[in-house]
Amino acid sequence: MSQQTPGTTATQAPQGDAFENLSQENRRFAPSAEFAANAVVTAADYAEADADRPAFWAKQARELLSWSKDFTQALDWSNPPFAKWFVGGEVNAAYNALDRHVEAGNGDRVAIYFEGEPGDTRTYTYAQLTEEVKKAANAFESLGVAKGDRVAVYLPMIPEAVITLLACARIGAIHSVVFGGFSAEALRSRIDDAEAKLVVTADGTYRRGKPSALKPAVDEALAHDGHTVQNVVVVKRNGQDVDWHEGRDHWWADTVGAASAEHTAVGHDSEHPLFILYTSGTTGKPKGILHTTGGYLTQGAYTHKAVFDLHPETDVYWCTADVGWITGHSYVAYAPLINGATQVMYEGTPDSPHQGRWWEIVEKYKVSILYTAPTAIRTFMKWGKEIPAKSDLSSIRVLGSVGEPINPEAWMWYREVIGADSGRTAIPAPIVDTWWQTETGAQMIAPLPGVTATKPGSAQVPLPGIAVDVVDELGESVPNGSGGYLVIREPWPAMLRGIWGDPERFKETYWSRFETMYFAGDGAKKDEDGDIWLLGRVDDVMNVSGHRLSTAEIESALVSHPAVAEAAVVGAADETTGQAVVAFVILRGDAVDTGDAIVQELRNHVGKEIGPIAKPKTILVVPELPKTRSGKIMRRLLKDVAEGREVGDATTLADNTVMAQIAHSLKK
Ligand code: PRX
């Protein structure tokens, strides 16, 4: 394991090269007059929010949500960094996402068009989804789940995932979704940390046409004594055989299916915990990011409406994120339904059964708003524009991007190939690049599509009511044309309220680098217009295909293998995935370097410890690792090696022959 002190955030200056390249970007794309004239949000929101930020959010909270008890104060910031939003208010997330739309006469509107990977489909109207959620709420309660209890969710992208989340929210249980690509070991540690009472899972799902199991990982995660789980509800999805634990395991169809469809939602305190979502940080152990109800729902709903220019009566919205990530929480499970939108949900991969699957889905459901990640766009670029050209994409009118910086080439391709056919405006669909994090809960920096003249590769402007800045080492705001660290200066409604079970870690992780400001961990620059360009993480967090991975976590997995003495992991630039995991390992004295065999074994070991998404793309066996005199691994130098560059300044190394030793060993 590397020698870094747990909890410290190693920062390095944002890369100068990225800054230079982006400085040359001067294309601008203003919204069409037609788009601007019909936009649901105008520039007036910026001025209104600037005049009185809490009042602006209070207005949004009252307009976008139905409160069972009105709040008395917009923001309580008397004990920073612990914020309380909409103090004294009571609200039920599921009622707001479902029942009220039915009560308003929109029960027949489609809430979810589900497209399974094998081609099966299901459509849920708001009335039907409300009924399913009520049944699930009753079923979970009958299994002993009460307000405040934790429910672990390990499901594929099927409607039951959304139903489960909303059923938990309805009864005040706190959901903790674990992405289906995480291993049994990762699932176990998250179940244990949150002390979950119930697990909701499926027998499995489909991946590239083949069944892919989930239930065995749950069985394995619960194979130890002392866990807190009393019941497991299993959705039958792919019909594969599963082991069954009588008394503990229950089929979804038998419990939820048999439950009453009558369930009255009661309001929960605005600050009642809604969910925990684990994310990787700079230390080995994932953090349980805690979100609460009123503020989270308000900012999610506002941004979803403003950034995507949502017209719920006519738009068909599709966010391709898995519900296992924050994007799937905020912009699949909650905000679209709060806003009464019609959305598409797709279970599988983009290339199943062929590389045109997504575009067929767009054509089939007439998707008008598409929200996806740069890594997907770059993959489609690689596959070629003839593939989307086979489908009618003229329904598209807004394109969103999230998860990692989008390079101008990918941005232009997205616009010209996917957005150009936009049938509803004379010019291509606007692209909104949205910067935010698991911790921020909702979008923070993004253009408004009817207002902002967009720039390829930039998220550009803080949203109304959000106070973002770029500062130098000392926390001073940098002038236009300069780079530095991205910070958030004022509390925002959807901000994390803490780390599950560890308030001190919350302060130390986010609020200690620049005392009164939230430090996001990203480097950024302001261009000459003051627009913000994200430059990637400046700490030891990697971003692979928009998935957040910790170098320390993967190092820790590697050194838990008996053959490994030490490991250092870096994120190396990768054309498609943004970054790729590259690991440098020193084998133990008694371990034999079996070449490819040991590399394969170590990759699988990481897959088992964390999940297939964390498997290093490359593992290099080396004799030494470059360290400073205080024992800190100089990842910068390893990154140079991994990216095939000449190694940079190595004068602070404790042993200045190390880089030569590494170079020599890699030549062999
Ligand atoms: O580095 C930023 C990058 O993703 C990180 C947050 O990851 P996660 O919590 O998994 O949430 C991803 C989805 C919201 C950020 O610290 N990131 C996210 N969106 C962008 C981005 N980097 C550049 N541009 C973006 N639009």
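**Exercise 1. The shell around the ligand**

Determine how the residues of the shell around the ligand in this predicted model divide into nonpolar, polar and charged.

*Solution.* The shell divides into 6 nonpolar, 6 polar and 5 charged residues. As a next step, one can ask who belongs to it: 17 residues surround the ligand, and the closest are Thr 434, Thr 438, Asp 522, Arg 537 and Arg 548. Turning to secondary structure, at least two residues of the shell are supplied by each of helix H12 (326–338), strand S20 (431–434) and strand S25 (532–537).

**Exercise 2. Polar contacts of the ligand**

Identify which atoms of the ligand lie within 3.5 Å of polar atoms of Gly 403, Thr 438 and Asp 522, taking that distance as the cut-off for a polar contact between N or O atoms.

*Solution.* Begin with the backbone, where a polar atom of Gly 403 is 3.1 Å from a nitrogen atom of the ligand. Then consider the side chains: an oxygen atom of the ligand lies 2.5 Å from a polar side-chain atom of Thr 438, and an N or O atom in the side chain of Asp 522 is 2.6 Å from an oxygen atom of the ligand. Finally, regarding cover, the ligand on its own has 540 Å² of accessible area, of which the protein covers 97%.

**Exercise 3. The pairing of H3 and H4**

Work out whether helix H3 is parallel, perpendicular or oblique to helix H4, and which residues meet.

*Solution.* The axes of H3 (residues 44–51) and H4 (residues 53–64) come within 5 Å and cross at roughly 125°. Because angles from 65 to 115 degrees count as roughly perpendicular and those over 145 as roughly antiparallel, H3 is oblique to H4. In the contact itself, Asp 45, Glu 48, Ala 49 and Ala 51 of H3 meet Arg 53, Phe 56, Lys 59 and Gln 60 of H4, and the residues of this contact divide into 3 nonpolar, 1 polar and 4 charged.

**Exercise 4. Backbone exceptions**

Locate the cis peptide bonds that precede Pro 81 and Pro 353, and the positive phi of Arg 208.

*Solution.* As background, most peptide bonds are trans, and most residues other than glycine have a negative phi. Pro 80 and Pro 81 are joined by a cis peptide bond with omega of about 5°, and Pro 81 is found in the loop between strand S1 (73–79) and strand S2 (82–87). The bond from Ser 352 to Pro 353 is also cis, with omega near 0°, and Pro 353 lies in the loop between strand S17 (342–346) and helix H13 (357–365). Lastly, Arg 208, although not a glycine, has a positive phi of about 50°, and its place is in the loop between strand S9 (204–207) and strand S10 (210–213).

Definitions and conventions. Residues numbered from 1 in each chain as written. Predicted model: local features only at pLDDT ≥ 70, side-chain atom pairs only at ≥ 80, totals over all residues. Heavy atoms only, no water. Near = heavy atom within 4 Å. Polar contact = N/O pair within 3.5 Å; in protein donor to acceptor, adjacent residues only side chain to side chain. Areas by Shrake-Rupley, 256 points an atom, 1.4 Å probe, with all protein chains shown as cover. Helix = DSSP H or I, 4+ residues; strand = E, 2+ residues; numbered from the N terminus. Nonpolar A, V, L, I, M, F, W, Y, C, P; charged D, E, K, R; others polar. Axes fitted to C-alpha atoms, helices over the stretch in contact; angles between N-to-C directions. Parallel < 35°, antiparallel > 145°, perpendicular 65-115°, else oblique. Contact = heavy atoms within 4.5 Å.
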